[in-house]
Amino acid sequence: MSILIKNAFLVFEDRVEKGDLLTKDNQIAQVGGCIEAPADRIIEAEGCYVFPGFIDTHTHFDLEVGNTVTADNFPSGTKAALAGGTTTILDFATQERGMTLMDAFHKWQKKAQGSSCNYGFHMAVSEWNQERIAEIPLMIENGITSFKMYMVYDNMRLSDGVIYQAIQYLQDEDCIIGVHCENDDILQARVRELKAQGKTSPRYHAISRPNLIEADGVGRLMDAANLAKGPAWVVHLSTKEGLDIARRARERGQEVYLESCPQYLVLEESNYDEPDAAKYVMSPPLRSKADQEALLRAMAAGEIDWIGTDHCSFTMAQKAAGERDFSKTPNGGAGVQNRAELVYTRGVKGGYFDMVAMGQLMSTRAAKLFGMYPQKGTLQVGSDADLVIFDPHCPHEIHAATNLHNCDNSPYEGFLAEGKTRDVILNGELAVENGAVAITGKGQYICRRRCGRYRK
Ligand SMILES: [Zn+2]
């Protein structure tokens with residue numbers, strides 16, 4: 001199969017250039033200038049931008065949380081991802097206590113069968129001991145070179161000492177740990193305090209976890225990484241205070257990678273006053289306009305490395321578990337399909353950054369750090385033919401009903417997006433045509449290499 005894209009704005013790593021792009025089988029065969037070659041398909045892309053396929057670094061599909069399971073599994077979640085221009089997701093395989101890392105890996109491989117975009121896994125670990133450490137080489141062999149640790153959630157929480165030891169161990173292997181940074185002790189005390197005062201509605205979820213709760217966690221991670229002389233990766237950074245702490249760590253020479261999410265750019269704490277506010281219950285919670293502004297400026301300055309969605313969807317019926325107690329609401333929201341249009345509308349159309357920066361945030365840096373570059377994340381001859389044709393002039397509203405997520409709500413309901421993913425080429429085939437998913441179930445597992453630590 002060969003596809004010739006004509007007259008597009010090609011988004012390279014450092015510039016945008018008008019030209020053509022030819023794929024052959026699963027590779028970019030030629031890029032730039034005017035290409036006159038025979039092809040099975042010719043796509044006219046005048047006025048549209050061609051990006052390397054977007055990479056979502058943070059999804060939770062088919063995840064059991066307490067006694068409920070996320071609304072999206074891999075088939076539905078990856079189909080929605082693909083429709084939005086995401087050709088690769090990195091999901092968090094989760095090692096529950098008592099389980100081996102290999103058990104978790106096999107469990108997630110099984111869940112991911114039938115995926116419609118390419119996929120890889122980070123391994124979320126809930127224990128760090130000799131047995132688990134002994135499995136790390138096996139993880140690396142199987143393409144898992146990034147891990148996650150939580151400072152919160154009783155079933156996953158690990159101590160600062162463990163995080164320190166794990167960073168120390170894994171950095172020698174060029175592996176990295178993403179950390180969910182929050183101060184669990186204080187936030188739990190605040191939850192008890194609010195409940196005792198009868199304050200149980202969704203808005204108190206945000207009040208229980210103010211900015212300093214995150215900033216404290218970021219600070220402890222920076223210190224642990226500093227002492228361990230290894231890299232730090234903050235997942236879903238949401239606050240200006242956390243950002244400032246990470247900046248100071250970089251100023252003293254630390255290797256710090258920062259991820260943020262669309263919800264912290266377009267939603268805010270006042271959303272908790274809406275009638276269906278349970279859909280905004282996620283951790284970290286929604287923040288203020290000032291936080292949005294700080295994150296967007298940090299993206300423009302290249303300080304935030306990439307944007308993942310933290311897609312973790314629950315139906316309103318599932319969310320109702322917290323009707324009388326916000327702390328019982330399953331945390332998370334659906335966003336995997338909407339990332340590109342949200343980032344484009346808020347970041348690019350909003351005047352914060354350009355298409356080159358968008359390509360870096362949506363694809364290139366994630367491909368580099370997570371061991372997929374230059375196969376992914378760049379428009380180079382020989383790179384994989386995972387491509388997005390994005391139409392910058394396509395105003396439309398986001399609605400749960402028209403999203404492909406298997407979820408009856410969207411935190412972005414009614415949001416007016418200015419642009420839209422039009423076509424997607426996945427593994428050399430035209431998988432989304434004019435916004436409609438044409439090919440499903442063709443996602444492949446990506447056996448990733450060690451981390452490309454570009455800030456080392
Ligand atoms: Zn998450």
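The buried residues of helix α8 pack against α5 (160-171), β12 (176-180), α6 (184-196), β13 (232-234) and α9 (240-251). Here a residue is buried if 20 or more other C-beta atoms lie within 10 Å of its own, exposed if 12 or fewer, and partly exposed in between, with C-beta atoms placed from the backbone. The labels follow a simple scheme: helices (H or I, at least four residues) and strands (E, at least two) are DSSP runs, numbered from the N terminus.

This is a predicted model, in which local features need pLDDT of at least 70, side-chain atom pairs count only at pLDDT 80 or more, and totals for chains, interfaces and linings use all residues. Residues are numbered from 1 along each chain as its sequence is written.

## Two helices to follow

Let's stay with α8 for a moment. Its buried residues are I213, E214, A215, D216, G217, V218, G219, L221, M222, A224 and A225. Just after α8, K229 takes a positive phi of about 55°.

Helix α11 makes a good companion. The buried residues of α11 are D291, Q292, A294, L295, L296, A298 and M299. What covers them includes α9, β14 (256-260), α10 (263-266), α13 (339-348) and α14 (355-369). Just after α11, G302 takes a positive phi of about 75°.

How far does each helix reach? The expected span of a helix is 1.5 Å times one less than its number of residues.

| Helix | Residues | Expected span | Span between end C-alpha atoms |
|---|---|---|---|
| α8 | 211-228 | 26 Å | 26 Å |
| α11 | 289-300 | 16 Å | 17 Å |

The span of α8 is close to the expected one, and that of α11 agrees with its expected value too.

## A strand with two partners

Now look at strand β16 (residues 387-391). Four of its five residues are buried, so β16 is largely enclosed by the rest of the structure. Two strands pair if DSSP finds at least two bridges between them. β16 pairs with strand β5 (residues 49-52) in the antiparallel sense, over four bridges, and P52 stands opposite L387 in β16. Five bridges join β16 to strand β19 (residues 420-426), and these two also run antiparallel. There, V388 stands opposite V424 in β19.

## The nonpolar core

In soluble globular proteins, nonpolar side chains tend to be buried together. A nonpolar core is a set of buried Ala, Val, Leu, Ile, Met, Phe, Trp, Tyr and Cys residues joined through C-beta atoms within 7 Å. Which members of the largest core touch the most other members? Of its 138 residues, they are V50, M123, V179, L221, V234 and I389. The largest share of this core, seven residues, comes from α8.

Two residues are in contact if their C-beta atoms, placed from the backbone, lie within 7 Å. Leaving aside its neighbours within four places in sequence, V50 is in contact with I5, A8, L10, V11, L21, A45, L387, V388 and I389.

## Special spots in the backbone

A cis peptide bond joins S283 and P284, with omega at about 0°, and P284 lies in the loop between α10 and α11. Another cis peptide bond joins Y373 and P374, again with omega at about 0°; P374 is found in the loop between α14 and β16.

Although D174 is not a glycine, it has a positive phi of about 55°. D174 lies in the loop between α5 and β12, and its 16 C-beta neighbours inside 10 Å make it partly exposed. N427, not a glycine either, has a positive phi of about 50°. This residue is found in the loop between β19 and β20 (429-433). Is N427 buried or exposed? With 21 C-beta neighbours inside 10 Å, N427 counts as buried.

## Stepping back

The whole chain has 14 helices and 21 strands. Its radius of gyration, taken over C-alpha atoms, is 21 Å, close to the 23 Å that the globule rule gives for 456 residues, so the chain is as compact as a globular protein of that length. The globule rule is 2.2 Å times the number of residues to the power 0.38. Of the 456 residues, 55% count as buried. Among contacts between residues at least 6 apart in sequence, 75% join residues at least 24 apart.

Finally, pLDDT is the predictor's confidence in each residue, from 0 to 100. The chain averages a pLDDT of 98, and 100% of the residues score at least 70. Confidence is lowest in strand β7 (residues 64-65), at a mean of 90, and highest in β5, at 99.
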